[in-house]
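Here is a brisk report on side-chain packing and pairing in one chain. It moves from single sites to aromatic pairs and salt bridges, and then to confidence.

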Amino acid sequence: MLKSHQSEDPGVKQPSKARARAQIREPQRLDPSERESIIAREAVSFFAEHGFGGQTRELAKRLGITQPLLYRYFPSKEALIERVYQEVFVGRWKPSWEKIITDRSVPLKARLIHFYREYAEVILTYEWIRLFMFAGLRDLGLNARYLKMLRERAFERVIEEIRTEYGRPSTDEVPATVLEIEMVWGLHAAIFYLGVRKFIYSMPLETDVNSIIDAKVTTFLSGVRSILPAKAAG
């Protein structure tokens, strides 16, 4: 009887196995949609830290749940990675960025600076940069999907607005050239690399990000005109 009273006494510390069972049971009281969101958020942090080679059993341990319970919400590791992709790369894309790029009531330089400042706030984070790098190293196909979206939603719009700014043919008349795409890639990559320096190489930036973005956009616009298609004869 004494042993039973001790185990029920709130002042007595539970054995480690009992605490572990309590941790596993605890999340089962959550609403299923809430638990799914918690798993997804923790997966973002977990894979950013360990890469996509990280084991789901370790993720489950961090969540305080069993691995079978995790797979009840995400039937495979691939499904969980897809959710991470949707959360970080698709879900954080803002449709308003496309409007910023194409709003011709605002000077082009100001538009590009506005877009890249906002874009940098989203991508220059520990999770975004490291997940993108790890996805590329594992060749999961996520990078290719994201970069296709980026080209369609941003790069081609930027090229169209540059051509309009300098009186060159529309991309409907003359499709974007390889050099034009490469120039925009160069601007974008230079901004992305700021995150690589910080979150991959652990090299802090020596000035604020916005000042760097302003300078890179200014430099980009001063040189891009030379590779644009010629003006139509007439």
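Glu98 touches Trp93, Arg153 and Arg157, leaving out residues up to four places away in sequence. This is a predicted model. Glu98 lies in helix H7. Its relative accessibility is 16%, so Glu98 counts as buried. The side chains of Glu98 and Trp93 are joined by a polar contact of 3.0 Å.

**A loop site**

Thr171 sits in the loop between H10 and helix H11 (178-199). Thr171 is partly exposed, at a relative accessible area of 22%. Buried would require a value under 20%. Neighbours within four places in sequence aside, Thr171 is in contact with Ile159, Glu160, Arg163 and Ala176. With Glu160 there is also a polar contact, side chain to side chain, at 2.5 Å. Thr171 and Glu156 are 15 residues apart in sequence. In space, their C-alpha atoms are 8.3 Å apart.

**Aromatic pairs**

How many aromatic pairs does a search of the whole structure find? The search returns 21 aromatic pairs. One of the pairs is Tyr116 with Tyr119. Their ring centres are 6.4 Å apart and their planes stand at 85°, so the pair is edge-to-face. The edge-to-face label applies to planes over 60 degrees apart. Both residues belong to helix H8 (residues 108-123). Because Tyr116 and Tyr119 are three residues apart in that helix, about one helical turn separates them. Tyr116 has 1% relative accessibility and counts as buried. Tyr119 has 1% relative accessibility and counts as buried.

Tyr193 and Tyr201 make another edge-to-face pair, with ring centres 6.2 Å apart and planes at 70°. Here the accessibility picture is as follows. Tyr193 is partly exposed at 39% relative accessibility. Tyr201 is partly exposed too, with a relative accessible area of 46%.

Some rings group into a cluster. Tyr85, Phe89, Trp128, Phe132, Tyr146 and Phe192 form one aromatic cluster.

**Salt bridges**

Side chains of opposite charge can pair when their charged atoms come close. A search of the whole structure finds 14 salt bridges. The table lists some of them, including their N to O distances.

| Residue 1 | Residue 2 | N to O distance |
|---|---|---|
| Glu58 | Lys61 | 3.8 Å |
| Arg104 | Glu161 | 2.8 Å |
| Arg151 | Glu156 | 3.4 Å |

Take Glu58 and Lys61. They are three residues apart in helix H4 (residues 56-63), so about one helical turn separates them. Glu58 is partly exposed, with a relative accessible area of 34%. Lys61 is exposed, at 59% relative accessibility. The exposed class requires a value over 50%.

Next come Arg104 and Glu161, whose side chains meet in a salt bridge. This pair links distant parts of the chain, 57 residues apart. Arg104 is in the loop between helix H7 (96-102) and H8. Glu161 is in helix H10 (residues 142-165). Is each partner buried or partly exposed? Arg104 is partly exposed, with a relative accessible area of 49%. Glu161 is buried, at 4% relative accessibility.

In the Arg151 and Glu156 bridge, the side chains meet at 3.4 Å, N to O. Arg151 is partly exposed at 35% relative accessibility. Glu156 is partly exposed at 35% relative accessibility. Elsewhere, salt bridges that share partners join Glu36, Arg83 and Glu87 into one network.

**Confidence**

The chain averages a pLDDT of 89. At least 70 is reached by 87% of the residues. Which stretch has a pLDDT below 50? That stretch is residues 1-27. Beyond near neighbours in sequence, residues 1-27 have ten contacts in the model.

Terms used:
Residues are numbered from 1 along each chain as its sequence is written. This is a predicted model: local features need pLDDT of at least 70, side-chain atom pairs count only at pLDDT 80 or more; totals for chains, interfaces and linings use all residues. Side-chain values use heavy atoms; hydrogens and water are left out. Rings of Phe, Tyr and Trp (its six-membered ring) pair if their centres lie within 6.5 Å; planes under 30 degrees apart count as stacked, over 60 as edge-to-face and the rest as tilted. Helices (H or I, at least four residues) and strands (E, at least two) are DSSP runs, numbered from the N terminus. Buried means under 20% relative accessible area, exposed over 50%, partly exposed in between (1.4 Å probe, protein chains only). A salt bridge is a side-chain nitrogen of Lys or Arg within 4 Å of a carboxyl oxygen of Asp or Glu. Contact means heavy atoms within 4.5 Å. A polar contact is a pair of N or O atoms within 3.5 Å; within protein, one must be able to donate a hydrogen and the other to accept it, and residues adjacent in sequence count only if both atoms are side-chain atoms. pLDDT is the predictor's confidence in each residue, from 0 to 100.
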